[in-house]
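Here is a friendly walk through one fold, with a sheet and its helices followed by two backbone details. Have the structure open as you read.

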Amino acid sequence: MTLLGHDRYCGEIVGQTVLLRSHLAGADLGATVPTCPDWTLRQLAVHVGEAHRWAEHIVRTRATKNVPVEDVADVGGPESDDPAALDAWLAEGAEQAAETFRSAGADTAAWSWAWEHTAGFWARRMTHETVVHRADAAIAVGVTYEVAPEFAADAIDEWLQIVRFAQEKYPSDAARELRGVGRSIHLHATDAEPGLDAEWLIEFEDEGIDWRRGHEKATVALRGPLTEVMLAFYRRMAPDGGGLEVRGERELLDFWLERATFG
């Protein structure tokens with residue numbers, strides 16, 4: 001799995017936040033987000049902004065342990081309900097995070113909850129945090145969602161890493177049920193350039209999942225445009241919605257989607 005480069009991730013945090021802000025402009029911020037039904041659009045935006053500020057604080061302070069989010073300055077969004085204030089707050093947080101990560105450098109040590117404890121981890125994580133939650137906002141306001149193919153593919157790679165990490169570290173996590181030799185899932189992006197290699201084989205093994213890029217037969221296949229494959233894999237759209245197609249044992253794909261969670 002090829003990472004996209006630290007500077008690109010830093011730039012994409014800002015770029016994806018600009019697009020998120022464009023989805024929110026003029027929208028009813030009290031509207032429910034269908035893909036995150038416990039949140040309004042404003043709460044979704046605040047969640048993203050808090051994540052940017054929390055990760056920025058961790059890297060800037062070179063934290064060696066978890067930092068409670070309430071200990072981070074200026075989280076929670078602006079006190080005012082003015083949409084312009086929320087927009088400015090989102091922009092500021094994304095720019096601060098990108099600048100801190102870029103200045104630190106990818107290899108700078110910083111605490112994380114995951115398998116890697118670096119500023120580079122946080123730059124990538126905040127990129128995809130924003131990529132996926134921007135999809136939530138786009139769906140909520142009914143606008144077309146597009147993301148660069150390389151970032152859609154990398155978001156799938158990262159999610160697979162997160163699921164495997166959850167299997168190894170959290171015995172009670174639902175992801176631990178994704179085991180058992182002989183079952184597999186194939187993801188096949190039908191519209192990606194060949195050089196992107198946007199196909200995945202996910203194999204269930206006794207100790208957890210394993211995966212690799214490539215075209216191989218599997219128990220079940222999910223085929224369609226790359227962006228839609230990513231959204232279905234993140235449970236943002238139905239696996240047979242849009243231009244998607246399921247071939248093989250649909251029950252196994254549903255089993256995955258119900259359990260491929262974290263936390």
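At 40% relative accessibility, Arg62 counts as partly exposed (between 20% and 50% relative accessible area, with buried under 20% and exposed over 50%, for a 1.4 Å probe and protein chains only). This is a predicted model, where local features need pLDDT of at least 70, side-chain atom pairs count only at pLDDT 80 or more, and totals for chains, interfaces and linings use all residues. Residues are numbered from 1 along each chain as its sequence is written, and side-chain values use heavy atoms, leaving out hydrogens and water.

Arg62 sits in the loop between α2 (41-60) and α3 (83-104), and Asp74 is also placed in the loop between α2 and α3. Helices (H or I, at least four residues) and strands (E, at least two) are DSSP runs, numbered from the N terminus. Neither Arg62 nor Asp74 is a glycine, yet each has a positive phi:

| Residue | Phi | Relative accessibility |
|---|---|---|
| Arg62 | about 55° | 40% |
| Asp74 | about 65° | 43% |

Now to the sheet. It is open, with 5 strands in the order β5-β4-β3-β6-β7 and mixed pairing (two strands pair if DSSP finds at least two bridges between them). β5 (208-213) and β7 (245-248) are at the edges with a single partner strand each, so one side of each has no neighbour in the sheet. Inside it, β3 (residues 184-189) and β6 (residues 220-224) pair in the parallel sense over 5 bridges, and His186 stands opposite Ala221 in β6.

Helix α5 (residues 149-169) packs on this sheet, touching β3, β4 (199-205) and β5 (contact means heavy atoms within 4.5 Å). The direction of α5 makes about 160° with that of β5; axes are lines fitted to C-alpha atoms, for helices over the stretch in contact, and angles run from 0 to 180 degrees between N-to-C directions. Helix α6 (residues 226-233) lies across β3, β4 and β6, at about 135° to β6.
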